[in-house]
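Trainee: Could you take me through the contact between the two chains, piece by piece?

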There are 2 protein chains.
Amino acid sequence: MVAALGGNALLARGEALTADNQRRSVQRAAPALAAILRAGHQLVITHGNGPQVGLLALQGAAYKPDEAYPLDVLGAETEGMIGYLIEQELENALGHDRPVAVLLTQIVVDANDPAFANPTKFVGPVYPEAEARKLAAARGWAIAPDGEKWRRVVASPKPQEIPDLAVLRLLLGEGVVVICAGGGGIPVVRRADGSLIGVEAVIDKDHASALLATVLKADALLMLTDVAAVFRDFGTDWATPIARLTPEEAAGLPLPQGSMAPKVIAACNFVRAGGRLAGIGRLEDALAILNGRAGTLVTTQTI
Amino acid sequence: MVAALGGNALLARGEALTADNQRRSVQRAAPALAAILRAGHQLVITHGNGPQVGLLALQGAAYKPDEAYPLDVLGAETEGMIGYLIEQELENALGHDRPVAVLLTQIVVDANDPAFANPTKFVGPVYPEAEARKLAAARGWAIAPDGEKWRRVVASPKPQEIPDLAVLRLLLGEGVVVICAGGGGIPVVRRADGSLIGVEAVIDKDHASALLATVLKADALLMLTDVAAVFRDFGTDWATPIARLTPEEAAGLPLPQGSMAPKVIAACNFVRAGGRLAGIGRLEDALAILNGRAGTLVTTQTI
C-alpha cells in the first residue's frame with residue numbers, strides 16, 4: 001500500500017513552520033502509520049512539501065537572492081528534512097522493531113510537458129500585486145493571482161517515470177518500510193544522451209504517489225489529510241461526505257480547487273490503471289478508510 | 001570500500017556555495033567515483049557538509065532567527081541536497097548502468113559525550129568578536145576564536161552506532177552503490193526507552209566514515225580531498241608527502257589542525273579496528289591511492 005501524507009497531515013493548519021511544530025505533527029501521524037503496519041500491510045510512505053519548499057526558497061532569498069537554489073535542489077532538501085522526521089518518529093512509534101528507510105527519489109518529467117509553458121502551482125507566500133510584480137521582474141518568477149493577493153507559480157509537470165524504482169522494489173521485498181517520493185519527487189528530465197538533470201518544477205505529490213502505486217502494483221493508494229472525505233456540495237450547509245466513488249462518477253463531480261481535486265484525479269488514475277482501491281480521508285482514519293468505514297473510497301466497481 | 005568526499009572535493013576552495021558551483025564540483029568528482037566502480041570495487045560514498053550546513057543555518061537566521069532549525073534537521077536537509085547532486089552526476093557518469101541510492105542516515109552519539117560540554121566544531125562564517133558575542137547571546141550559540149575572528153562552535157560527539165546499517169547492508173548485498181552518512185550522519189541520541197531523538201551537534205564525517213567502514217568490514221577507507229597526501233613538515237619549504245604510515249608513526253606526527261588531523265585519526269581508528277588500509281589524498285587519485293601510487297596509505301604493517 002502507498003500512503004501519501006498531505007501537507008495538512010504534516011503541519012496543523014495555521015501553525016508556524018518551525019522544526020518543533022513539524023515534529024509534533026509527525027508525532028501525531030506516526031501512530032496511524034504504525035497501525036497500518038501492525039495490521040500486516042506492506043507500506044510505502046510519500047509526503048507533500050509545499051510549505052517547506054516555499055520556506056526554503058524564502059530563506060535562500062532572504063540571505064542572498066542571487067544565489068537562490070533551484071526547485072530540484074530545494075526539493076531534495078525537503079526530502080531529507082521531512083523524511084528524517086517521519087523516519088525517526090515512525091521508528092520510535094514502532095519500537096524500532098522493523099527497518100524504516102528514507103530513499104531520495106528523482107522522478108522524470110517530460111521536458112515538453114505543457115506545464116512548463118503554463119506554470120500553475122503556487123509556491124511560497126502571498127504578496128500584494130505590486131510587490132509580486134517587482135519580485136517577478138527581479139527573480140524571473142512567474143506569478144499569478146491567488147484570491148486578492150499574488151503568488152509565485154511554478155510548473156507542475158506530470159510524473160512519467162521513477163528511475164529509483166529498482167532500489168525501492170528491493171527494499172520492499174526485504175520488508176523495509178520506505179519513505180520516498182517526498183514532495184512529489186525531485187523533478188528531473190532525461191536528456192538526449194540518456195542522462196538526467198534537475199528542472200525548476202514541483203510535481204504534484206498525489207500524482208507522483210498514484211504513479212508509484214501503479215508501477216508497484218500496490219493494492220491500495222491512501223491519500224491522507226485533515227479532511228474527513230470528499231464532499232458533495234463542499235462548503236455549503238448541505239455538504240455531505242461521499243463514501244464510494246467510481247472514476248465515472250468523479251468526472252461529473254464539481255470539486256473545489258486546491259488540494260482535493262488532484263487527490264480525486266490521482267485516485268481515478270490509479271484505479272483506472274488497475275489499482276483495486278484508492279482512499280481519501282483523515283490520517284487518523286487510515287485503517288478505517290481501507291476497511292470502508294471512513295473517508296471516500298474510489299474504485300472502478302462496487303466492492 | 002568506503003570513500004569519504006571532503007568538502008573541498010565537493011566545492012572548489014574560494015567558490016561561492018551556489019547550486020551551480022556545487023553541481024560543477026560534483027561533476028568533476030563523478031568520473032573518479034565511476035572509475036572505482038569500473039575497477040570492480042563495491043562502493044559506499046559518504047560526504048562532508050560543513051559549508052552547506054553553515055549556509056542553511058545562515059539562510060534560516062536571515063529569514064526568521066527565532067525559527068532557526070536545529071542542526072539535526074539541517075543535517076538531514078544537506079543529506080538530501082548533496083546526496084541528490086552526487087547521485088545524479090554519478091548515475092550520469094555511469095551511463096545509468098547500475099543503481100545508485102541515497103540513504104538518509106541517522107548516527108547515534110552518546111548523550112554524555114564530553115563534546116556536548118566542550119563544543120569545538122566551527123559552523124558558519126567568521127565574525128568580529130563583538131558581533132559574535134551579540135549573536136551568541138541572542139541565539140544561544142557557543143562561540144570561539146578562529147584566527148583573528150570568532151565563529152559559532154557546536155559539539156562534535158563521537159559516532160557510536162548506525163541504526164540504518166541493516167538497510168545499508170541489504171542494498172550493498174544487491175550491488176547498489178549507496179550514498180549515505182552525509183555530513184557525518186544526522187546526530188541522534190538514544191533515550192532511556194530506546195527511542196531516538198535528534199541533537200544539536202555535527203559528527204565529524206571522517207570519524208563517521210571510519211565507523212561505517214569498520215562495521216561493514218570494508219577492505220579500504222578512502223578519505224578524498226584536494227590535498228595530495230599527508231605531509232611531513234606541512235606548510236614549510238621542506239614539506240614532503242608521506243607515502244606510508246602506521247598508526248604508531250602517526251601518533252608521533254605533528255599534524256596541522258583543521259581537516260587533516262581528523263582524517264589521520266579516522267584512518268588509524270579504522271586500521272586498528274581490523275581494516276586493511278586507509279588512504280588519504282586527492283579525489284582524482286582515488287584508484288592510484290588504493291594501489292599505493294599516490295596519496296598516503298595508513299596500514300598496521302608494511303604492505
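Mentor: Sure, starting with how many residues take part: chain A puts 51 residues into the contact and chain B puts in 51 residues, where contact means heavy atoms within 4.5 Å. Keep in mind that this is a predicted model, where local features need pLDDT of at least 70 and side-chain atom pairs count only at pLDDT 80 or more, while totals for chains, interfaces and linings use all residues. Residues are numbered from 1 along each chain as its sequence is written, chains are lettered from A in the order in which they are written, and side-chain values use heavy atoms, leaving out hydrogens and water.

About 4,200 Å² is buried between chain A and chain B, with 65% of that from carbon and sulfur atoms; buried area is the accessible area (1.4 Å probe) that two parts lose on being put together, summed over both. On chain A's side, A:Tyr63, A:Tyr69 and A:Tyr84 supply 16% of what that chain buries against chain B, more than any other three residues.

As for charges, there are 2 salt bridges between the chains, meaning a side-chain nitrogen of Lys or Arg within 4 Å of a carboxyl oxygen of Asp or Glu. A:Asp72 forms a salt bridge with B:Arg23, with the closest N and O atoms 3.5 Å apart.

Now for an acid without such a partner: B:Asp164 is buried (under 20% relative accessible area, 1.4 Å probe, protein chains only). B:Asp164 has no salt bridge, and B:Arg190, its nearest side chain of opposite charge, is 9.9 Å away. Beyond its neighbours within four places in sequence, B:Asp164 is in contact with residues including A:Glu87, A:Glu91 and B:Thr105.

Technical notes
Buried < 20%, exposed > 50% of the residue type's maximum accessible area, 1.4 Å probe, protein only. Lys, Arg positive; Asp, Glu negative; His and termini not counted.
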